[in-house]
Amino acid sequence: MSSPSQSSRSDGRTERRDDNILLALRTAQCLFDEGMLVPSIEDVANRSGLSPRSLYRYFEDRQTMVRQAIDLVTQEAYKLGAIENTGVGPLATRIDEIVTARVRVYKTVAGSLRATAALYPTENELVGAANRSLHLKMLQCSRQFEPELSCLDEREHVAVSEACNMLLMMESIHVLHHRRGLSFDTIADVLSGALTKILTPES
Amino acid sequence: MPEPTHPSADLGEDKDGRAVRRDRNVQLAVNAARELFEETMRVPTIEEVSIRSGLSVRSMYRYFADIQELSDEVVRLVHDEARAVSTLPDPAGISLADRVEAIARLRVSLYEVVKGTFLANAARLIVSGEPQPAGAAIRAQMLRQFSNQFAQELLPLDETERRCAIESGHALCTMEFVDILMRWRSMTSDEAVETIKYGLTKILTAV
């Protein structure tokens, strides 16, 4: 039987431990954004003020730490990417909602996307890590445009949903932002314009 | 590019033999590296290329300062081949449907040529964040090709519409997108062509 004072002490420890882990993961994320894609335990210790000793207590190695930091961003991205009342409202509003959500997600995950690529050098691991989020994004896209998609025959349905889905992927925003050097506002305009054309039925 | 020399003088002949061997070995190394690019979709190590080509690591380092120099050579070779399959006919007098079909097919077959180096390069680009100059030139060329092929559709649009049509249409037929369709979405070449065609037609057709 543990006395009350003992249990409260152990709770305090757990809390501090959780706070420290979160601080370490946030620090790792900042480092991704600055271009340090697989930071070492020491890098994170230096930046966060936590001791390497405690970091090694929390994380087995740098890989584990980086992986957890990426997982945390991914979870947050799911929340940021959420749309209320998916598939409801006029087409223009729904396009605007999903484009805004995806650009918002991109801003959050851009650093950790690169970290993911750096962490998983082999094809299979990378595909495994990205598959879940790809699936959710596709699902969201087909729900959001359900009213338009449901009017199409099978062949068109595939073509329209694949084209929309493609334009709304993080890779697409990456191409427009990184390769084409467009601002996020322009990217939103470009994507909305293209989606409007693709989703508007032929007269 | 080495010029063929006259095998006249004795001294020259000796040099020629070395030069021929050197060229052959360089060729072997480049081909082996290219195979590895395509199989693994990443930049191979000098050791891996040495094993694949049968050349010793020592000679590899005689021909190439480092793996970067060797992979630059592979990229150059792939770009030459890519250039050879990248031409489209003069758009004048060709229907929109045919031009859309042609560019979609061209970009999908281009992807088949550049796939290995494109992916390895993309991985390196993502990691280093530094764009490769050769890749940038090719992307600029692809953008020009797109605008040129669809000039008659793009010209009547106002500035905002035109920008949207160029950026989104061009994006739909970049290697990144063909890659998404074929590798991530597991489409066949024909399915990828269909998807690109559909998107382009919609984007380029006036509402």
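**Helical architecture and the contact between chains A and B**

Of the 203 residues of chain A, 32% count as buried in this predicted model. The secondary structure of chain A comprises 10 helices and 0 strands, arranged along the sequence as α-α-α-α-α-α-α-α-α-α. Among the contacts in chain A with a separation of 6 or more, 68% are accounted for by residues 24 or more positions apart.

In chain B, helix H8 (residues 159-172) packs with helix H10 (residues 189-204) at an angle of about 170°, the two axes lying 9 Å apart. Because angles over 145 degrees count as roughly antiparallel, H8(B) is roughly antiparallel to H10(B). On the side of H8(B), the contact is formed by Ala165(B), Ser168(B), Gly169(B) and Leu172(B); H10(B) contributes Ile196(B), Gly199(B), Leu200(B), Ile203(B) and Leu204(B). By residue class, the contact of H8(B) with H10(B) consists of 6 nonpolar, 3 polar and no charged residues.

Both of these helices also take part in the contact between the chains. This contact draws 27 residues from chain B and 30 residues from chain A. On the side of chain B that touches chain A, two or more residues each come from helix H5 (96-128), H8, helix H9 (175-184) and H10 of chain B. The most are given by H8(B), with 7 residues. The side of chain B that touches chain A includes 12 nonpolar, 6 polar and 9 charged residues. Charged residues are thus present on this side of chain B, whereas the contact of H8(B) with H10(B) has none.

Methods: Residues numbered from 1 in each chain as written. Chains lettered and ligands numbered in written order. Predicted model: local features only at pLDDT ≥ 70, side-chain atom pairs only at ≥ 80, totals over all residues. Helix = DSSP H or I, 4+ residues; strand = E, 2+ residues; numbered from the N terminus. Buried ≥ 20, exposed ≤ 12 C-beta atoms within 10 Å, placed from the backbone. Contact = placed C-beta atoms within 7 Å. Axes fitted to C-alpha atoms, helices over the stretch in contact; angles between N-to-C directions. Parallel < 35°, antiparallel > 145°, perpendicular 65-115°, else oblique. Nonpolar A, V, L, I, M, F, W, Y, C, P; charged D, E, K, R; others polar.
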